[in-house]
Amino acid sequence: KILVPIDFSDRCADFASFAVHFARRFHAKVTLLHVEKSFEVDPYGTIEDVRRIKEQMISFLPQSVGDPNVRLTIHISPDVADEILSTAFGIKPNLIVMPTHGYGRIRRALIGSITARVLRDAPCPVWTAAHTVPIWPAEWLNPRRILCAVNSLPEGNGALSWASRLASELNVEFCVAWSQKSVAETRREIERAAQKYQVDAETVIETANAPNTLRGAVEKMRAD
């Protein structure tokens, strides 16, 4: 099951379309969730607003209309992040797919509210990417290598397990970027984890600038 929160933006349309195509590879079900902030206290107005939103959802991803594996859901709540998390705990998806809404240098600040809360508190993995990324190419549905970054063990076992299972399902190479601290402190644990999760290659982060080093590891391993 894949949960896709949507806000009718072009970026969300890209993510929702990708999620639907991705789900078809695994015969998975997709829930498209739109959270509308509370309406004014007017029952007739609320009914009309919900009808309008339903029509908007149908036109948002027309290629999925009639697909029995795609469910359209509308919730009304003043707290969008809380409602996304509540839905996730309720339907227990295997994955949440949603974009950030950052732009350039201020992306880190703008990831703030909704996506950051979901990333922090979701009961399952969250697949996200920068708002400025162009439409994802179809090749992303057929990756050759998956790179998983792990800061420490055993805390990183959840990410290792999930990424390893995904790589196995897609029949692709699985690589891990370990932090220097983790390698120094738990070498034997790393060797056991590499064997358990069938890691094909090992890349060690050796500099203090983890983002740049991780980006270098992605390029070196040619990860998708």
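I take two residues to be in contact when heavy atoms lie within 4.5 Å of each other, and I keep in mind throughout that the model is a predicted one.

**Entry 1, Thr87**

With that cut-off I looked up the neighbours of Thr87 and, leaving aside residues up to four places away in sequence, found that Thr87 touches Leu3, Leu33, His75 and Lys92. Thr87 itself belongs to helix α3, which covers residues 80–91. I then asked whether Thr87 is buried or exposed. Its relative accessibility is 8%, and because buried means under 20%, Thr87 counts as buried. For one of the contacts, His75, I also noted the separation: the two residues are twelve places apart in sequence, and their C-alpha atoms are 9.2 Å apart in space.

**Entry 2, aromatic pairs**

I next went through the rings, keeping in mind that a pair of aromatic rings is described by the distance of the centres and the angle of the planes. The structure holds five aromatic pairs. In one of them, Phe8 and Phe60, the ring centres are 5.6 Å apart and the planes stand at 75 degrees, so I recorded the pair as edge-to-face, given that angles over 60 degrees fall into that class. This pair joins distant parts of the chain, since Phe8 sits in the loop between β1 (2–5) and α1 (10–25) whereas Phe60 is in helix α2 (residues 43–60), 52 residues away. I noted both Phe8 and Phe60 as buried.

Phe18 and Phe22 also form an aromatic pair, and here I wrote down stacked, with 5.9 Å from centre to centre and 15 degrees between the planes. Both residues lie in helix α1, four residues apart, which is about one turn of the helix. Phe18 and Phe22 are both buried. When I followed the ring pairs further, I found that they link Phe18, Phe22, Phe26 and Trp127 into a cluster.

**Entry 3, the sheet**

Trp127 led me to the strands. Which strands stand at the edges of the sheet? The sheet is open and has five strands in the order β3-β2-β1-β4-β5, with parallel pairing. At its edges I found β3 (70–76) and β5 (126–127), each with a single partner strand, so one side of each is left without a neighbour in the sheet. Strand β4 (residues 95–97) pairs with β5 in the parallel sense over two bridges, and the bridge partner of Val97 in β5 is Trp127. I therefore entered Trp127 under two headings, as a member of the ring cluster and as a bridge partner in β5.

How values were computed: Residues are numbered from 1 along each chain as its sequence is written. This is a predicted model: local features need pLDDT of at least 70, side-chain atom pairs count only at pLDDT 80 or more; totals for chains, interfaces and linings use all residues. Side-chain values use heavy atoms; hydrogens and water are left out. Buried means under 20% relative accessible area, exposed over 50%, partly exposed in between (1.4 Å probe, protein chains only). Rings of Phe, Tyr and Trp (its six-membered ring) pair if their centres lie within 6.5 Å; planes under 30 degrees apart count as stacked, over 60 as edge-to-face and the rest as tilted. Two strands pair if DSSP finds at least two bridges between them.
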